[in-house]
Amino acid sequence: MKTRSVPAFLLRNPAAPAAWLLVACLSLVGQRASCAEATGNGNLGALGRMVNFSGRANVGTGLNVFLYGFVVGAGSPKTVLIRAVGPGLAAFGVSGVLAEPALTLYSGSQVIATNAGWGTAANLAELRSASQRSGAFAVNENSRDSALFVTLNPGPYTVQVSGANNTSGVALLEVYDLDAKDKVETDSDNLLSEGQKIFRDDTFGDEVFWGGQLRLHQAIAGEQLGGVGPGLSAQRALELGLKVDMDRVPPAVVTALRAGQVDLTKPQATIDLLKADAVVGIKVFTQGGQIQSMGITCALCHSTVDNAFTSGIGHRLDGWPNRDLNVGEIVALAPTVKPIADLLQLDESTVRAVLRSWGPGKYDAILDKDGKAFRPDGKSAATVLPAAFGLAGQHLHTYTGWGSVPYWNAYVAVTQMHGQGNFWDPRLRDATKFPVAARAGLFNVRSATDLVTSKLPALQLYQLSLMAPNPPASTFNAGAAGRGQAIFNGKAKCATCHVPPLYSEPGQALHKGSEIGIDEFQASRSPENGYRTTPLRGLFVRAKGGFYHDGRYPDLDSVVNHYKSVLGFDLSTAEQSDLVEFLKSL
């Protein structure tokens, strides 16, 4: 049967070179084509979202078929859902419907796909999913309505609707662009992309502190490379928990590393990796081939790697706490820590001792507010680095409930990373609770150049997009975990506070230390005087360094044993084992 191709046309408007004209045509063979057009300035996104096109017509026999033409524009392939609905229209009161619509998709004169009865399609599961994604009204899979789910390369296409077995009647043709995005989606994608870049690469101007005041880059380079002291070898950098993003390492360096041709015992290897922007969370600034300054990013503490290349070198894992990172030891390498000592009104040797007391995977974000370096039992007041994933739906960001994600991002960017930005929290005016902050005016930080505030929305969105990872199936017993879930929700009373599926509490998820059977020390350092109900998904990532805010419980069995006495429940050995397996499965 001969058909007439009537594809859409994307034309330049000669009266306005920056404008475009979109023409889509429908036709019944032997009749005049009916066309619709849309115009706009700039690019197609100016219209918002063109999700689908639909048209209804009477389809006859013989050559009286229903044709629709469209063009996939230059660029990437596009996935589309095409439907020819006849019987499905009866539910909407349409009479005289086409009983057996048949779809044929042409590229030029070549048939590239056909369907007569979508329930018979080989890719039925994909068709179901595509229909749900598109928002198309439901049709019965057992009906003779037809559908195609295809990915098309750029170019013109023609869709033909005909009546199988010489049937005729009213048919609805629909073409859905499953890749189309409205302004909300586009804006969200752009913000998400911006947030990732900020999280990974933005120093907020903190190089003024780390490079300009502490001169940490000089200690990393070493005397032979224009710095001071012995320098930081790549081997020692990895021992201190710094990570290398192998996807940023130049191919030649990867080859040399594999061949064992890179001397990791020398600072030069560290400098080369820094210059390649491959060290996670550290940015260097060079001039004439020499490192002149350095700054840090969010990723320093809240990203790690999967060790795909070797230990400490692999693909980046954003949101995972770097429990290997010895922040205090790295900062203590700086030629001077006088700015920190002056703030705390201590001598530099004491500050270095405090920094070195933290150990791997720990950091004290309150030291510069209350000056408390140690707990009453003499142990470091530092807490384990928290996960930055799994925060969607969570009200509070930190172990002790200081505030939400954007609050804590501003707090850290300005007062911990020492970025150039504004920060306001009148709670820190309390000279009894926060003597250092009150004295230094850290409750109201103002910068002539604010490099933080405008970035908070994108940074927040990116962090909220970081889902808690699923543990490898090999790391827990699935059968035991299934039994343990019932214990979690019932006998062990875990779900009272760790409410599924958040595994935290909706609302103000804070408790006094007495409620959970521990001391009040860390809670008392927070304006809210409480401990957050920490979300439990992705616990396997946080096993290193221990559980709870300070890592006091070395394993999950220790956590369960603690709560047995606090909450007053008892478990058999088998029940406790099952509960632990469930926790490991989250």
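## Exercises on two cavities and a helix crossing

In this predicted model, the residues that line the largest cavity are Ala 234, Ala 237, Leu 238, Leu 242, Val 244, Thr 270, Leu 273 and Val 279.

**Exercise 1.** Determine which helices supply at least two residues each to the lining of the largest cavity, and what the lining is made of by class.

*Solution.* Begin with the inventory: the structure contains two cavities of 30 Å³ or more, and the largest of them encloses about 60 Å³ of space. Next, assign the lining residues to helices, which shows that helix H5 (234-239) and helix H7 (267-275) each contribute at least two residues. H5 gives the most, with three residues, and the residues of the lining that fall within its range are Ala 234, Ala 237 and Leu 238. Finally, sort the lining by class, which yields seven nonpolar residues, one polar residue and no charged residues; the polar one is Thr 270, since Thr is not among the residue types counted as nonpolar or charged.

**Exercise 2.** Identify the residues that line the second largest cavity, and find the strand from which the largest share of them comes.

*Solution.* The second largest cavity holds about 30 Å³ of space, and its lining consists of Arg 83, Ala 84, Val 85, Trp 118, Ser 131, Val 139, Asp 145, Ser 146 and Ala 147. Placing these residues on the strands, one finds that strand E6 (78-85) and strand E9 (146-152) each supply at least two of them, and that E6 provides the largest share, three residues. The classification then gives five nonpolar, two polar and two charged residues, where the charged ones are Arg 83 and Asp 145.

**Exercise 3.** Describe how helix H13 and helix H15 cross, and state which residues of H13 meet which residues of H15.

*Solution.* Take the geometry of the axes as a starting point: those of H13 (residues 405-416) and H15 (residues 456-465) come within 9 Å and cross at roughly 120°. Because of this angle, H13 counts as oblique to H15, given that the range for roughly perpendicular is 65 to 115 degrees and that roughly antiparallel requires an angle over 145. The handedness of the crossing is right-handed. Turning to the contact itself, Val 405, Pro 406, Asn 409 and Ala 410 on the H13 side meet Leu 456, Leu 459, Gln 460, Gln 463 and Leu 464 on the H15 side. By class, this contact comprises six nonpolar residues, three polar residues and no charged residues, the polar ones being Asn 409, Gln 460 and Gln 463.

Notes: Residues numbered from 1 in each chain as written. Predicted model: local features only at pLDDT ≥ 70, side-chain atom pairs only at ≥ 80, totals over all residues. Heavy atoms only, no water. 1 Å grid on protein atoms, 1.4 Å probe; cavity = no way out; pocket = protein on both sides within 12 Å on 5 of 7 lines; lining within 4 Å. Points joined across faces, edges and corners; volume = space filled by probe spheres on them. Helix = DSSP H or I, 4+ residues; strand = E, 2+ residues; numbered from the N terminus. Axes fitted to C-alpha atoms, helices over the stretch in contact; angles between N-to-C directions. Parallel < 35°, antiparallel > 145°, perpendicular 65-115°, else oblique. Left-handed = near helix turned anticlockwise from the far one by under 90°. Contact = heavy atoms within 4.5 Å.
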